[in-house]
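User: I'm new to reading protein models. Could you walk me through one, feature by feature?

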Amino acid sequence: GIQEALRASERLLKEFERSLKGQVVRGRAGVWRELVGRSSGGKREREAESDREALCATLGEVERVRAACTEQLRAGAEGSETIAREAASLGLAEKIVAESQSVVFSVVVSTAPASLPAYVAGFYRACSREFVAACRDAGEDGEDDGGGGGDDGHGAGAGGAEAAAAAMEKIHSLMGAEWCRRLSFVGQTLNKLGLQAENEAIYTEIVFDHLKSWLEEKAAGEYTRDCLSMAKAYVREVIMTFLTPLLLVPQDGKPQQQPNQGDCDGHGEAAAAATAVAMADEEGLSESNRCSGGEGSMAMDGGSENSRPWRHGPHQGRRSSLGGSLESRWRARLDQFIYEILGRMRTDEMFDIVVDFPDSVRALQDLKVCLERTDFTETFIEKFSAQLKKRLLHLGAATPVILTQYISSIKALNILDPSGILSEIICPLVKNYVKKRKDTTTCIVNMIVYDDNLLSLSKEEAGIGVGGGAME
């Protein structure tokens with residue numbers, strides 16, 4: 001009985017594979033015909049929109065085929081007396097459905113054109129640009145809300161359903177229900193085809209690249225504003241809102257409505273979205289295959305139209321080993337990326353930050369947080385020391401300028417590290433150099449007499465008359 005039931009299950013799965021592949025590849029290029037032969041890069045706006053429509057239509061056709069074949073498989077399993085007799089003890093029904101997901105993934109990667117990932121990336125990139133522009137035009141990009149970002153990156157986990165509902169309402173109000181439906185449709189259809197890891201890698205790459213560009217535009221050379229809180233507010237108001245339709249997890253297993261189908265009112269959909277996100281938060285689904293802030297590439301292959309575009313195996317919604325909600329984990333990833341990018345940026349700008357001190361205290365406070373949450377301290381020491389050697393410790397720099405920079409460096413480093421360890425490591429470089437100049441003593445006397453900036457330092461901070469570190 002058991003062996004017969006297993007053989008019957010195997011026959012059903014083979015028939016499922018033949019039926020699925022037959023319908024996918026029927027005719028010239030099969031369901032992928034709209035994407036074959038198209039060029040996915042460097043297109044005018046009208047042509048790019050045509051590509052997006054072609055992608056939605058293609059994925060809609062693939063999903064209809066998958067859903068029909070899966071339903072046929074389920075009906076065959078339920079109607080087989082041989083399988084039914086052993087189904088309860090062996091869990092055959094669940095095993096058949098699980099195995100069918102691997103079959104779907106196999107058929108998709110063996111038939112899809114190699115350009116499919118590029119089409120998906122182009123679709124997400126265009127949607128991202130449109131949403132960012134709409135938020136900017138509406139003044140809802142979070143740039144004026146610099147104080148609500150928080151420093152821990154875990155603030156939104158408790159209200160997952162409410163946050164998702166608010167995000168969906170915002171997208172609907174800015175972009176319209178049809179735009180939101182199309183974005184969600186593409187993301188969730190790729191997930192149903194077993195391409196969840198690859199799908200997430202693509203939109204993660206796009207989101208991270210956009211956030212990096214935003215930080216470079218808004219924070220580079222800006223030392224007087226709270227850029228760290230600005231970035232966190234931008235993540236909360238723009239990026240997490242954009243990601244909400246992509247993070248929804250369908251709960252009923254039914255095919256998702258294709259764009260232009262059904263009611264476009266949007267309010268009921270927003271409530272359903274909130275429920276889906278809340279359930280996803282509880283179950284801890286959707287693990288990413290990209291490390292936060294990393295420079296890894298998207299899961300794409302080059303090659304001919306017949307080569308396989310996806311590298312990984314089917315992703316079947318396995319549970320995450322991490323705690324916390326899906327939303328809070330995404331915010332933590334994005335916050336960590338901010339710490340790394342802003343930390344690198346401020347490290348490269350440290351000499352200019354010291355030149356602008358004390359007006360640059362805000363930038364130093366941001367850098368302090370970034371260094372505490374990353375492993376960049378050694379890199380910071382190396383880079384700032386190199387900047388001092390290149391831009392200050394040379395014959396073209398006047399001794400008073402070097403001494404002023406020395407004092408500002410001590411103050412700035414003590415903001416970054418109140419324990420004084422960074423000052424002890426970096427500042428002797430300047431002190432040992434300036435001690436070799438003949439006019440150092442004269443300049444120090446003049447600064448003591450005329451410069452209140454020096455008087456604001458203690459003897460220990462200035463390194464004057466302390467042990468073997470005196471400048472005399």
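**Reading the model step by step**

Analyst: Let's start with one residue, Arg52, which sits in helix 2 (residues 45–79). Keep in mind that this is a predicted model.

User: Is Arg52 buried or exposed?

Analyst: The idea is to look at relative accessible area: under 20% is called buried, and over 50% exposed. Arg52 has a relative accessibility of 6%, so it counts as buried. Skipping neighbours within four places in sequence, Arg52 is in contact with Phe123, Ala126, Cys127, Glu130, Trp179 and Arg182.

User: What does an exposed case look like?

Analyst: Try Glu424, in helix 16 (residues 421–434). Its relative accessible area is 59%, so Glu424 is exposed. For the protein as a whole, buried residues make up 50% of the 472 residues.

User: What kinds of secondary structure does the protein have, and how many of each?

Analyst: Count the helices and strands: there are 19 helices and zero strands. Then ask how far along the chain the contacting residues lie from each other. Among contacts with a separation of 6 or more, 86% are between residues 24 or more positions apart.

User: How should I think about a core?

Analyst: In soluble globular proteins, nonpolar side chains tend to be buried together. Here, the largest nonpolar core has 79 residues, and Tyr124, Leu243 and Leu334 touch the most other members. Helix 9 (residues 227–247) gives the most to this core, with 13 residues. Another core lies apart from it, with 34 residues, including Met350, Val354, Leu416 and Ile426.

User: Which residues is Leu243 in contact with, leaving aside neighbours within four places in sequence?

Analyst: Those are Tyr203, Val207, Trp330 and Leu334. Tyr203 and Val207 also turn up in helix 8 where it meets helix 11, and Trp330 and Leu334 are on the helix 11 side.

User: How do I describe the way helix 8 and helix 11 pack?

Analyst: Begin with distance and angle. The axes of helix 8 (residues 196–219) and helix 11 (residues 326–348) come within 10 Å and cross at roughly 40°. The two helices are therefore oblique to each other, and helix 8 passes helix 11 in a right-handed crossing.

User: And what kinds of residues make up that contact?

Analyst: Sort them by class: the contact of helix 8 with helix 11 has 13 nonpolar, one polar and five charged residues. Among those in helix 8 are Glu200, Phe208 and Lys212, and helix 11 brings residues including Arg333, Phe337 and Met345.

How values were computed: Residues are numbered from 1 along each chain as its sequence is written. This is a predicted model: local features need pLDDT of at least 70, side-chain atom pairs count only at pLDDT 80 or more; totals for chains, interfaces and linings use all residues. Side-chain values use heavy atoms; hydrogens and water are left out. A nonpolar core is a set of buried Ala, Val, Leu, Ile, Met, Phe, Trp, Tyr and Cys residues joined through side-chain atoms within 4.5 Å. Buried means under 20% relative accessible area, exposed over 50%, partly exposed in between (1.4 Å probe, protein chains only). Helices (H or I, at least four residues) and strands (E, at least two) are DSSP runs, numbered from the N terminus. Contact means heavy atoms within 4.5 Å. Axes are lines fitted to C-alpha atoms, for helices over the stretch in contact, and angles run from 0 to 180 degrees between N-to-C directions. Angles under 35 degrees count as roughly parallel, over 145 as roughly antiparallel, 65 to 115 as roughly perpendicular and the rest as oblique. A crossing is left-handed if the near helix is turned anticlockwise from the far one by less than a right angle, and right-handed if clockwise. Ala, Val, Leu, Ile, Met, Phe, Trp, Tyr, Cys and Pro count as nonpolar, Asp, Glu, Lys and Arg as charged, and the others, Gly among them, as polar.
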